[in-house]
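Before reading on, take a moment to look over the chain as a whole, and then let the paragraphs below guide you from its overall make-up to one of its sheets and one of its pockets.

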Amino acid sequence: NLGVLRGSSLERGGVAVFQMKREDGFVNFNCISITVGGDDAWLFDSISVSASSSTDASSKNASSSTGASSTSYHKARVFYNPAEVWLSSDTSEGEDSFGTCLELVTYTVSLRTASEGYAGSGSSFDLKLLGTSETMSFEGFDATRERASYLSLYLDSVVDLGTLNCIGITALGDDAWLLDSITVHDSTTSSSVQFLNSDSTLLSSDTTEGVSYLKLCAS
C-alpha cells in the first residue's frame, strides 16, 4: 500500500510522476488498484511503475563470498485503461476505484562483469532473449557496471519465450565492457540457464575495441 499520492496535477495529456522510497526493497507485483478521494473525474491512459536498487560491498546485503557490488533494475510495468474507465468519488461520473492485473512471465537476468581492471563500463546496452517460441527485445539499459559486479534485470514478457537458447547484447557506447557470464531465471518453469563469455569477448560500439553485438548460447 503506497498510501495517498499528492503533489502533481493531472492535466489533460500530461504526465504526473510520483517517487517513493521503500526501506524493505522492491515488492514483486502484477496488479494495481487505485481509489480516488475526490469528485473531479479523471480519465487515465496508462500507469507505469518502475524501480531500482543497489548495494555495495560493505552493505549487509552484499555477497560476502565475492565482495562484489550489485545493482537491480526493474523494467517498468505498464498498466493500461483500454475500457476508458473514468475515476471519481461521484459514482454518477465514474467508478471510485479501478484495478487491473498483468499476465506476465518474468525473466530475472543476472549479468556478472569480469574481474579484470578494464572490465567495467558505463555505456548503455540493449538486450535480446531468444527462445524456441518467441524473441523479445529490451532496450536502453544505462546502469553502470563496475568490475566484478552483478547487475540484475527483471524483465516482463506477455508471451512465454519457450526454452531460452541464446541471449544477445548490443553495445550502445564505446566504453568497452567485459562480461563474465549471464544467468537467466524463468519465473514460469523456475528453471535457470547460464551463458558464458568463454572467449572473453569485449563489447563496444567501437569495433576496434571489440564487437558491437555479442550473442551467447547455452552449451
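Two strands are said to pair if DSSP finds at least two bridges between them, and this idea of a bridge is what we need in order to follow how one strand is set against another. The model shown here is a predicted one, and within it Leu130 has Cys166, a residue of S11, as its bridge partner.

That pair of residues belongs to a longer run of pairing, for strand S8, which covers residues 125–131, is joined by seven bridges to strand S11, which covers residues 164–171, and the two strands run antiparallel. Along this run we also find Lys128, which stands opposite Gly168 in S11. Strand S11 has a further partner in S15, to which five bridges join it, again with the strands running antiparallel. Here Ile169 has Leu214 in S15 as its bridge partner.

With these pairings in mind, we can place the strands in their sheet, which is an open sheet of four strands in the order S9-S8-S11-S15, with antiparallel pairing. Strand S9 (135–141) and strand S15 (213–217) are the edge strands, since each of them pairs on one side only. From one strand to the next, the twist averages 15 degrees.

Is S11 largely enclosed or left open by the rest of the structure? Six of the eight residues of S11 are buried, and therefore this strand is largely enclosed by the rest of the structure. A residue counts as buried here when its relative accessible area is under 20%, and over the chain, which has 219 residues, buried residues make up 33%.

Stepping back to the chain, we find 15 strands and zero helices. If we take the contacts between residues at least 6 apart in sequence, 70% of them join residues that are at least 24 apart.

We can now turn from the strands to a space among the atoms. Rolling a probe the size of a water molecule over the atoms shows where empty space is left. The second largest pocket has a volume of about 240 Å³, and 11 residues line it, of which Arg77, Val78, Leu102, Leu104 and Val158 are the closest to its centre. Which strand gives the most to the lining of this second largest pocket? It is strand S4, made up of residues 70–80, which contributes five residues. When the residues of the lining are sorted by their character, eight are nonpolar, three are charged and none is polar.

Technical notes:
Residues are numbered from 1 along each chain as its sequence is written. This is a predicted model: local features need pLDDT of at least 70, side-chain atom pairs count only at pLDDT 80 or more; totals for chains, interfaces and linings use all residues. Side-chain values use heavy atoms; hydrogens and water are left out. On a 1 Å grid over the protein atoms alone, a cavity is a set of points where a 1.4 Å probe fits but cannot get out, and a pocket is an open set with protein on both sides within 12 Å along at least five of seven lines; lining residues have an atom within 4 Å of a point. Grid points are joined across faces, edges and corners, and a volume is the space filled by probe spheres set on the points. Ala, Val, Leu, Ile, Met, Phe, Trp, Tyr, Cys and Pro count as nonpolar, Asp, Glu, Lys and Arg as charged, and the others, Gly among them, as polar. Axes are lines fitted to C-alpha atoms, for helices over the stretch in contact, and angles run from 0 to 180 degrees between N-to-C directions. Buried means under 20% relative accessible area, exposed over 50%, partly exposed in between (1.4 Å probe, protein chains only). Contact means heavy atoms within 4.5 Å.
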